[in-house]
Each structure stands twice: as structure tokens, then as C-alpha cells.
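Student: Could you take a close look at one part of this model, and then relate that part to what surrounds it in your account?

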Amino acid sequence: MSATESSRAFRVFSWFCLVCTLGVVLWGAYVRATGSGAGCGDHWPVCNGQVVPREPSVQTLIEYTHRLTSGLVMIFAVVLCVWALRAHAKGHPVRRAAVFSLVFMLTEAAVGAGLVLFKMVAHNESIARAFWMATHLLNTFLLVGAQSLTIWWAGGRERLVLRRQGLTGWLLAGSLVGLLVLGVSGAIAALGDTLFPATSLTEGLSQDVSPTAHILLRLRVLHPVLAVLVGAGVVFCAAMVARLRPSPSVRRSAWQLGVLYGLQLFAGMFNVVLLAPVWLQLVHLLLADLVWIVLLRLGAAGLALGAPRADVKVRSVLSPS
């Protein structure tokens, strides 16, 4: 039996929260790409020791705007969580998704604060910063995923079942892990592009293979390789899941995933050729978030209670009457 559909107002607000969160995520990438992470110094939550910076530089305005908008989406996450708990009965999947949305919003703020307080911003070239960036990316994916599932279940769809999913469960789990690993490699590659910009494609390629290059540059070459390998695996798994769980929602999500990942690969190729302009980095990140969202929707539909199973139909046909 499907869960009760949420009110129209709640569903609209859920979408609003997700769109605002994606906007803040992209603005955070803009902060990193423009080297504005130290725009407020090593102060947090105040900016250069002030609640409202006086005579701010451009970098300060960029970083301060990110902090203000981050605070707004935090408030939205609190409202969404309280609303979900009050408007839905115990056991409704929206409640848990909204709670996780708030939890990951809090950890997102904590990671952002850590980046500033430990000076893992601007021109910091340490490996520690790469770990912080990887953590930031993973938490962002979890946050966006929780908000996306809040929207999904607010539409009255059935809850998720993880046990006894067989091959379908393994295909989806592998795809999710693969995208997380790919996302981490992308965060490290983007950091390398920011810290060590190349003036030509030839120079950029020589940086990647030079034995004396910084480790962030030598790791950068892994991302395009993983993008092709992981992408092929994810699209294949999506097609398999669409056959094993042939519901309209699964098939639609599998098709969307293939299209979005194709666009993502093209954006990545142009990002390399054009030497990672800031606007294209933002497009690349947005597409990565959309691919992640659609994969989660595919999983939620394929692993839903009552999802049609093609393997069950096959066994029923082969078994004697």
C-alpha cells in the first residue's frame, strides 16, 4: 500500500528547499573556484571579526553571500523537518527523509566551518584540504539525496525495502558507491584546477603526467578515467534494473539517467578542453547533482515495497501449475 500523499503546500516547499540547496551548493563551488574562501579570514560565523563586514572586498562579498544563503537554507531545513514530523503519521517515509535532510544540513555547516577555521581555503595546497573537500562533497551528496527522497515520498510513493532485493539491490548499491567515488575524484580534480590553472591544454596534460607535479595534479588524471568507467557501469546497471523492476517510474528514471550522464560526460570533456572555466565547472557540478538525484529516484522506485519484479514473473511461468 502506498504512503499517504503530502499536502500540495508541503510538496511545493520541499521542491523549494531542494532548489535553494542546489543554488547554495553551486555558489559554494563558485567560492572555491574564485579563491574567495578566505574572504572572511579564518573567522566563523562572523566575517573578519564582524557580523556585517565594513568596506568588504569582492572576495569578502562572495564568501559572505555564501554564508548568508547557507544560513537561509538551514532555516528552511528546520522548517521542513518540523513540518514533516507534524504533518505525517509515524512510519511515513517523509519523516525520516526530512530528519536526515536536517542532520546533513547541520554536518554540511560543520564541514564548511572547519574549512574556514582550519584555513583549508584559498591557496592551501595540502593533502588535508583534499580530504576536507572530499568530505564536503560526500556530505553534499547525502544532503541533496535526503531532500530529493523527501520530495519523492511526499508524492505518496511506497517506502523503501532493502532486504531480499537480490541482484537489483547489488546493482543499485554498486552504482551509488561508484558515483560517490567519482564525485570525490571530481572534487579533487576541481581543486587541482583551482590551485594550478594551466594556460593551455598541452600545459595541463604535461602537468598531469609530470613526476614532479603536485600530487593533486597527478590525481587529477584519475577523474576522466573513472568518469568513463563508472558512467558505463551506472548506465548498464540502470538498464538492468529497468528490466528487473519494470515499473514506469524505474524505466523513466533509467532513461533520464542515461541522458543526464551523457550530458555530464560532454560537459567534462569541454571542461578539460576549455581549461575549466568557472561557469562550466558550475554546470558540471549541477549535472553531477542531477545524476545523483535521478539515481536515487531509480533506487527508491526499484526497491519500493510492491515494485513489480520481472524475475518473479519468469519463475511463475517456468514453475509447474
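Tutor: Helix α3 covers residues 93–117, 25 residues in total; helices here are DSSP runs of H or I of at least four residues, numbered from the N terminus. At 1.5 Å a residue, counted for one less than the number of residues, α3 should span 36 Å, and its end C-alpha atoms are indeed 36 Å apart, so the two values agree. Just after α3, K119 adopts a positive phi of about 60 degrees. The model is predicted, so local features need pLDDT of at least 70 and side-chain atom pairs pLDDT 80 or more, while totals for chains, interfaces and linings use all residues. Residues are numbered from 1 along each chain as its sequence is written, and side-chain values use heavy atoms, without hydrogens and water.

A second helix, α10 (residues 278–302), contains D289. This aspartate is buried (under 20% relative accessible area, with over 50% exposed and partly exposed in between; 1.4 Å probe, protein chains only). D289 has no salt bridge, meaning a Lys or Arg side-chain nitrogen within 4 Å of an Asp or Glu carboxyl oxygen; the nearest side chain of opposite charge, R32, is 11 Å away. Leaving aside residues up to four places away in sequence, D289 touches L22, V25 and F141 (heavy atoms within 4.5 Å).

As for the cysteines, the whole structure holds one disulfide (sulfur atoms within 2.5 Å). C40 and C47 form it, with their sulfurs 2.0 Å apart, and both residues are buried. Their S-S torsion is about -85 degrees, so the disulfide is left-handed. The sulfur of C20, in contrast, lies 6.9 Å from the closest cysteine sulfur, in C17, which is too far for a bond. C20 is partly exposed at 22% relative accessible area, whereas C237 is buried at 13%.

Note on methods:
Helix = DSSP H or I, 4+ residues; strand = E, 2+ residues; numbered from the N terminus. Lys, Arg positive; Asp, Glu negative; His and termini not counted.
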